[in-house]
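Reader: Hey, could you walk me through this one? I'm new to it and would like to start with the charged pairs.

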2 protein chains.
Amino acid sequence: MNIKIADNCGFCFGVERAIGMAKKNDNSKMVGELIHNKLVIDKLKKENGIHILSDFNEVNKNDTVIIRTHGARKDTISKLEKKDANIVDATCPFVLKLQNICSKMSKEGYEIVIFGDKNHPEIDGVSSYIDGNYYTALSVDDLRGINLKNKVALVAQTTKRPKDFEKITSYLSSKCKETRIFNTICNATFDNQDSADKLSKESDIMIVIGGKNSSNSKQLFNIAKLNCENSYFIEKSNELEKSWFYDKKNCGVTAGASTPSWLINKVVDDIKNMT
Amino acid sequence: MNIKIADNCGFCFGVERAIGMAKKNDNSKMVGELIHNKLVIDKLKKENGIHILSDFNEVNKNDTVIIRTHGARKDTISKLEKKDANIVDATCPFVLKLQNICSKMSKEGYEIVIFGDKNHPEIDGVSSYIDGNYYTALSVDDLRGINLKNKVALVAQTTKRPKDFEKITSYLSSKCKETRIFNTICNATFDNQDSADKLSKESDIMIVIGGKNSSNSKQLFNIAKLNCENSYFIEKSNELEKSWFYDKKNCGVTAGASTPSWLINKVVDDIKNMT
């Protein structure tokens, strides 16, 4: 079996930074999962005593509370400030930029369209910074029938596909007199998607490693699946099945931005041993 | 022969306004053709003594000079002001808005992309209001290879097709971090195109009336041609040929924004007499 790892995959800058910040704060608390990877979260709990906050009543004065890479809602930050917590903000700088754009544009009277998943914590957080009307959309269909203002600002969840973003862009540009388009999709996302696209075209089996809740990992899986029918999405190496590899020659491996390199290496080793 | 005139066609608001302004200024001079219709220009010359300015040396103090619907270059206006001419500005308000957007955006540091024809007087005029880098493009291909800045403002010639505008929008939104999109295509253009599209689908012959240099009339012809193979572009009714109508049942007629209604009626009458 030829195994090839995608040129760009795994930990992005924002994830790496957040884990570094967390590791410097043993016994602190996280607001939600720092990153969308269960194994990493378990490791932080075991090795650094960092727990996920289940209730704001748990927070005492001077407790260290870490804000996840996906950011937090504005009111969450206010609550923590009121508790005099020591806030460690591990929000990915690209998400922070997205929050700032939404805040600024809505104050300038633009109606906001977010290309993203309203149930994803990044978008839940971002939307709280909007001071006015906003809509979330996963496709052009979600926008049809909405009577948009003449001044609209479009932003994207940092982990979305540029091609889908372009479709929404086209739709808005002919509907609205002025559209301000902020391409807030992060470069790591873009590079990982590009590499997954390339590798899946050369592979007869693709393994995509990522957290089940991870938006960017799911995108990678969707891209791989388009080019390679035998694509599988796993979170841990013990999900691998020997039968998948029967009669296959070229196995491509890629991983979401929240997947640590040790896990990628373990998956590769396990495939080697299995085939 | 069933003859049907498009629901929306002919004189637009800007053209109507400009002719009204010209007619109030007998014996004045025009900077280029007021509108792209030779017959109307000839009529203004004959009935109102209005000539096209051939040289700025012709302009004397207090002479009345009319600016065409397509607008004029900034330096043309300056020259006329220096001559102490009495300027009657018949620039279409939608073109004026386009000039203002370009001026404002370039001052704010945006690189300008104009979806339009650099040889058209509207775009020649508009480009003179840009205080910085700009590019004109008729398609995405014209932009490939250009290393655009991160902040780009896109505008369109007022008479272009929204569908083609959308393609440029898509391209820019994935290339640039911020794109400000101003849909400056005027509603009359849009409505006329829509009606031409609809009518040409029901017709087995289409007659498009418009000046040979008229951008919006050429667009109407291109749209008609897509749906109805037997589409003809004429400037005057004496260009009609009897043979075109042989074996045809439904004739659609549309006309560009610079085509007067008397000419549309004459063409319809001549078709009736011919068939």
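Author: Sure, one term to begin with: a salt bridge here is a side-chain nitrogen of Lys or Arg within 4 Å of a carboxyl oxygen of Asp or Glu. B:Glu108 and B:Arg180 have side chains that meet in one, at 3.7 Å from N to O. The pair links distant parts of the chain, 72 residues apart: B:Glu108 is in the loop between helix H4 (93-107) and strand E6 (111-115) of chain B, and B:Arg180 is in strand E9 (residues 178-182) of chain B. Helices (H or I, at least four residues) and strands (E, at least two) are DSSP runs, numbered from the N terminus.

Reader: Before I go on, what kind of model is this, and how are things numbered?

Author: This is a predicted model, where local features need pLDDT of at least 70, side-chain atom pairs count only at pLDDT 80 or more, and totals for chains, interfaces and linings use all residues. Residues are numbered from 1 along each chain as its sequence is written, chains are lettered from A and ligands numbered from 1 in the order in which they are written, and side-chain values use heavy atoms, with hydrogens and water left out.

Reader: Ok, back to that pair. Is B:Arg180 buried or exposed?

Author: B:Arg180 counts as buried, at 6% relative accessibility, while B:Glu108 is partly exposed at 36%. Buried means under 20% relative accessible area, exposed over 50%, and partly exposed in between (1.4 Å probe, protein chains only).

Reader: How many salt bridges are there over all chains?

Author: There are 28. One of them joins A:Asp42 and A:Lys38, at 3.5 Å from N to O. These two sit 4 residues apart in helix H2 (residues 38-48) of chain A, so about one helical turn separates them.

Reader: And what does B:Lys212 pair with?

Author: B:Lys212 forms a salt bridge with B:Glu239, and their closest N and O atoms are 3.3 Å apart. B:Lys212 is in the loop between strand E10 (205-209) and helix H8 (215-227) of chain B, and B:Glu239 is in the loop between strand E11 (231-234) and strand E12 (250-255) of chain B, so the pair ties together parts 27 residues apart in sequence. B:Lys212 is partly exposed at 39%, and B:Glu239 is partly exposed at 25%.

Reader: Which residues are in a network of salt bridges?

Author: A:Lys104, A:Glu108, A:Arg180 and B:Glu178 are linked in one. A:Arg180 also comes closest to the rotation axis of the residues of chain A, with its C-alpha at 2.2 Å.

Reader: What rotation superposes chain A on chain B?

Author: A rotation of 180 degrees, with 0.1 Å of shift along its axis, does it with an RMSD of 0.1 Å. That is the relation of a two-fold axis. The fit is by least squares on the C-alpha atoms of residues with pLDDT of at least 70 in both copies.

Reader: New topic: helix H7 of chain A. How many residues does it have?

Author: Helix H7 (residues 187-202) of chain A has 16 residues and reaches 23 Å from its first C-alpha to its last, close to the 22 Å expected at 1.5 Å a residue. That expected span is 1.5 Å times one less than the number of residues.

Reader: Which of its residues are buried?

Author: The buried residues of H7(A) include A:Thr189, A:Asn192, A:Gln193 and A:Leu199.
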